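Student: Before we label anything in this structure, could we go through the terms one at a time and set each value against its cut-off?
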Amino acid sequence: MAILVHILTILFGFVTFVIIKNKRYKDVPLVSSIMIFSFVGIGMISVITIFVPSGKLLVFPLGCIIFGLIIILMLINDVYSLVRCNEKITGVYRGYNTYYGGNGVSTQAPVFEYTYQGHVYKEQTTQNISYKQLTKKMREGETYQIYVDSKHPAVFILQKKIKMSSIVVAFFGILFLVGGIVTLYDVFPYFLKIMN
């Protein structure tokens, strides 16, 4: 498990480097914050496993806490996007980015090109869509209605609603967070005994 934490630290470190180098935190501040938080949180776990004696005992509870917080922050991002993205414009559908999860499950994030206040943007939405729904409802090169955040125009959504799957995922995030805190509470006295 510690090796997975080190690999994730490197991956999120690379993503954080790209965000800072390309100044994406100005365009998509909340998503950038979630990525940077992920790097810092997982990086702290990685450092603990390397430098703290018996630190591997803390990998699971701390990992659950960080993972739960990341999931909850993603729901907050969805709600933030619904509130902030209220300017309706048209955009040209340019395809999608695929993100793979466990057990061969993947989600697709549609990419749109649109002009807002004289600037051309080519961004992916903050909302994920299933491949079946995406291929059934959208054709590359055609125009569709999107909702843009007027303060951060690189942020947009396709639908003004939160999907039930997001709420279910957030519930699991809360379970991870609470489970991690309870496990940390149980492990901590044992950990302190080993440290002494």
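Tutor: Let us begin with accessibility, where buried means under 20% relative accessible area, exposed means over 50%, and partly exposed covers what lies in between. Please keep in mind throughout that this is a predicted model.

Student: Why is Glu-113 called partly exposed?
Tutor: The relative accessibility of Glu-113 is 27%, and because partly exposed is the class between under 20% and over 50%, Glu-113 counts as partly exposed.

Student: What makes Glu-113 and Arg-94 a salt bridge?
Tutor: The term requires a side-chain nitrogen of Lys or Arg within 4 Å of a carboxyl oxygen of Asp or Glu, and the closest N and O atoms of Glu-113 and Arg-94 are 3.3 Å apart, so the pair meets the definition. The two residues link distant parts of the chain, with Glu-113 in strand β2 and Arg-94 in strand β1, 19 residues apart. Arg-94 is partly exposed, with a relative accessible area of 36%.

Student: Which residues do salt bridges with shared partners join into one network?
Tutor: Arg-24, Asp-27 and Glu-123 are joined in this way. The side chains of Arg-24 and Asp-27 meet at 3.4 Å, N to O, and both residues lie in helix α2, 3 residues apart, which is about one turn of the helix. Glu-123 forms a salt bridge with Arg-24 as well, the closest N and O atoms being 2.6 Å apart. Glu-123 lies in strand β3 and Arg-24 in helix α2, so this pair ties together parts that are 99 residues apart in sequence.

Student: Are the members of that network, Glu-123, Arg-24 and Asp-27, buried or partly exposed?
Tutor: Glu-123 has a relative accessible area of 11%, and because buried means under 20%, Glu-123 is buried. Arg-24, at 24% relative accessibility, counts as partly exposed, and Asp-27, with a relative accessible area of 31%, is partly exposed too.

Student: What makes Val-168 eligible for the nonpolar surface patch?
Tutor: A patch residue needs over 30% relative accessible area and no salt bridge, and Val-168 has a relative accessible area of 38%, which also makes it partly exposed. The patch is about 770 Å² and is made by Phe-67, Met-164, Ile-167, Val-168, Phe-171, Phe-172, Leu-175 and Phe-176. Helix α6 contributes the largest share, 7 residues, and Val-168 lies in that helix.

Student: Why is the space lined by Val-28, Pro-29 and other residues called a cavity?
Tutor: The word cavity is used because a 1.4 Å probe fits in such a space but cannot get out. The structure holds 1 cavity of 30 Å³ or more, and about 40 Å³ of space lies in the largest cavity. Its lining includes Val-28, Pro-29, Asn-77 and Tyr-80, and by class it has 6 nonpolar, 3 polar and no charged residues. Helices α3 and α4 each supply at least two residues of that lining.

Student: What makes the lining of the second largest pocket partly charged by class?
Tutor: That lining has 5 nonpolar, 3 polar and 1 charged residues. Lys-137 is among the lining residues, and Lys counts as charged by definition. The second largest pocket has a volume of about 160 Å³, and the largest share of its lining, 3 residues, comes from α5.

Notes
Residues are numbered from 1 along each chain as its sequence is written. This is a predicted model: local features need pLDDT of at least 70, side-chain atom pairs count only at pLDDT 80 or more; totals for chains, interfaces and linings use all residues. Side-chain values use heavy atoms; hydrogens and water are left out. Patches are made of residues with over 30% relative accessible area and no salt bridge: like charges are joined within 9 Å, nonpolar side chains (Val, Leu, Ile, Met, Phe, Trp, Tyr) within 5 Å. Accessible areas come from the Shrake-Rupley method with a 1.4 Å probe; for residues, only the protein chains shown count as cover. Helices (H or I, at least four residues) and strands (E, at least two) are DSSP runs, numbered from the N terminus. Buried means under 20% relative accessible area, exposed over 50%, partly exposed in between (1.4 Å probe, protein chains only). On a 1 Å grid over the protein atoms alone, a cavity is a set of points where a 1.4 Å probe fits but cannot get out, and a pocket is an open set with protein on both sides within 12 Å along at least five of seven lines; lining residues have an atom within 4 Å of a point. Grid points are joined across faces, edges and corners, and a volume is the space filled by probe spheres set on the points.
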